[in-house]
Amino acid sequence: MMVLMDLSPVALTGARVVLEPLTLDHVEALCAIGFDPEIWRYTTTRVLDREEMRRYVETGLQWQREGTAVPFATVDRASGRVVGTTRFANIAKEHRRAEIGWTWIAREFQRTHVNTEAKYLMLCHAFEQWRCLRIELKTNVLNARSRAAILRLGAMEEGTFRKHMINLDEWPGVKARLEEKLRSQ
C-alpha cells in the first residue's frame with residue numbers, strides 16, 4: 001500500500017520553536033536578520049538585499065506549489081521573533097524521501113536550542129506523519145559548523161559529493177596557492 005505524503009503547509013510547534021508555513025509576509029522579518037554575509041558563505045545562494053530575499057522566499061513557495069518542498073519560517077517562541085528559515089525539499093513521494101535544508105539562522109540564535117528543536121520537529125513530521133524512509137541533510141564540505149551540527153543531531157555521514165552543486169569557495173584558494181607556487185619556481 002502506497003503511503004501518501006500530505007505536503008500541505010503545516011505549523012510544527014515545539015516547546016521553544018515554531019516552524020510556521022513560509023509566506024511572503026515573512027520577507028521583512030527575514031530581511032531584518034538575513035543580510036549577514038556569513039550566513040550565505042557556504043551556500044549556492046547569496047541574499048544581500050530585500051529583492052533577493054523576496055526571490056529566495058518565492059522560490060521556496062514555487063517549489064511548494066510544484067510539490068517538491070515545504071518551506072518554513074523559524075520562530076523563537078520566547079521572543080516571538082522570526083529567527084531563520086528552513087525547508088523540506090527535493091521531496092520524492094514515490095521513494096518516501098525528502099531533504100532537510102535551506103536552513104539558516106540569525107547569528108545570535110546559532111548554537112542554541114533553535115536548530116536542534118527545528119530539526120527534531122521536522123524529523124518527527126517526516127518519519128511519523130509522512131512515513132519517510134530516508135531524510136537527507138547536506139552541507140558544503142568546508143562548512144565545519146554545519147557538518148558538526150548535523151552530526152550532533154545523530155545523522156550518519158555517508159560521503160562527500162564533489163561537483164554536486166556550483167560553489168566557488170574552493171577555487172580562489174586553490175588558484176592563489178597555484179599562483180604562489182608559479183611565482184616561487
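How many helices and how many strands does the protein have? There are five helices and six strands. The model is predicted, and the tour below starts with the whole chain before moving to single residues.

**Stop 1: the whole chain**

Show the protein as a cartoon and follow the chain from its start. The order of elements along the sequence is β-β-α-α-β-β-β-α-β-α-α. Next, switch to the C-alpha trace and turn it. Along its principal axes, the trace spans about 65 × 40 × 30 Å. The radius of gyration is 18 Å, and a compact globule of 185 residues would have one near 16 Å, so the two values agree.

Now colour the residues by burial, if your viewer can do so. Of the 185 residues, 37% count as buried. Show the surface as well: the accessible area comes to about 11,300 Å², and carbon and sulfur atoms hold 53% of that area.

Two further values describe the whole chain. Among contacts with a separation of 6 or more, 58% join residues 24 or more positions apart. The protein has 28 positive and 24 negative charges, and the mean positions of these two sets are 5 Å apart.

**Stop 2: histidine 26 and cysteine 31**

Select histidine 26. It sits in the loop that runs between strand S2 (17–21) and H1. Is this residue buried or exposed? Histidine 26 is buried, because its relative accessible area is 9%, under the 20% cut-off. Add Glu20, Pro21, Ala73 and Val82 to the selection; histidine 26 is in contact with these residues, leaving aside neighbours within four places in sequence.

Go on to cysteine 31, which lies in helix H1. Cysteine 31 is also buried, with a relative accessible area of 9%. Outside the neighbours within four places in sequence, cysteine 31 is in contact with Arg50 and Met53. For a distance to draw in the viewer, pick the C-alpha atoms of cysteine 31 and arginine 65. These residues are 34 apart along the chain, and their C-alpha atoms are separated by 23 Å.

**Stop 3: threonine 43**

Select threonine 43 in the loop between helix H1 (27–33) and helix H2 (50–66). Threonine 43 is partly exposed, with a relative accessible area of 28%. Then add asparagine 140. The two residues are 97 apart along the chain, yet their C-alpha atoms are separated by 7.2 Å.

**Stop 4: two positive phi angles**

Most residues other than glycine have a negative phi. The next two selections have a positive one.

Select arginine 96, in the loop between strand S4 (81–92) and strand S5 (97–105). Arginine 96 is not a glycine, but its phi is positive, at about 50 degrees. Arginine 96 counts as partly exposed, at 23% relative accessibility.

Then select tryptophan 102, which is found in strand S5. What is its phi? Tryptophan 102 has a positive phi of about 55 degrees, although it is not a glycine. Its relative accessible area is 26%, so tryptophan 102 is partly exposed.

**Stop 5: tryptophan 130**

Select tryptophan 130, in the loop between helix H3 (113–129) and strand S6 (134–137). Tryptophan 130 is buried, with a relative accessible area of 2%. Add leucine 7 to the selection and draw a line between the two C-alpha atoms. Tryptophan 130 and leucine 7 are 123 residues apart in sequence and 8.6 Å apart in space.

**Stop 6: the cysteine sulfurs**

Show the sulfur atoms of cysteine 124 and cysteine 132. How many disulfides does the structure hold? The number is zero. Why is there no bond from cysteine 124? The closest cysteine sulfur to that of cysteine 124 is in cysteine 132, and it is 12 Å away, which is too far for a bond. A disulfide needs the sulfur atoms to be within 2.5 Å. Starting from cysteine 132 gives the matching result: the closest cysteine sulfur is in cysteine 124, at 12 Å, again too far.

Finally, check the burial of these two residues. Cysteine 124 is buried, with a relative accessible area of 19%; the cut-off is under 20%. Cysteine 132 counts as buried too, at 6% relative accessibility.

How values were computed
Residues are numbered from 1 along each chain as its sequence is written. This is a predicted model: local features need pLDDT of at least 70, side-chain atom pairs count only at pLDDT 80 or more; totals for chains, interfaces and linings use all residues. Side-chain values use heavy atoms; hydrogens and water are left out. Helices (H or I, at least four residues) and strands (E, at least two) are DSSP runs, numbered from the N terminus. The radius of gyration is taken over C-alpha atoms; the globule rule is 2.2 Å times the number of residues to the power 0.38. Buried means under 20% relative accessible area, exposed over 50%, partly exposed in between (1.4 Å probe, protein chains only). Contact means heavy atoms within 4.5 Å. Accessible areas come from the Shrake-Rupley method with a 1.4 Å probe; for residues, only the protein chains shown count as cover. Lys and Arg count as positive and Asp and Glu as negative; His and the chain ends are not counted. The place of a charge is taken as NZ of Lys, CZ of Arg, CG of Asp or CD of Glu.
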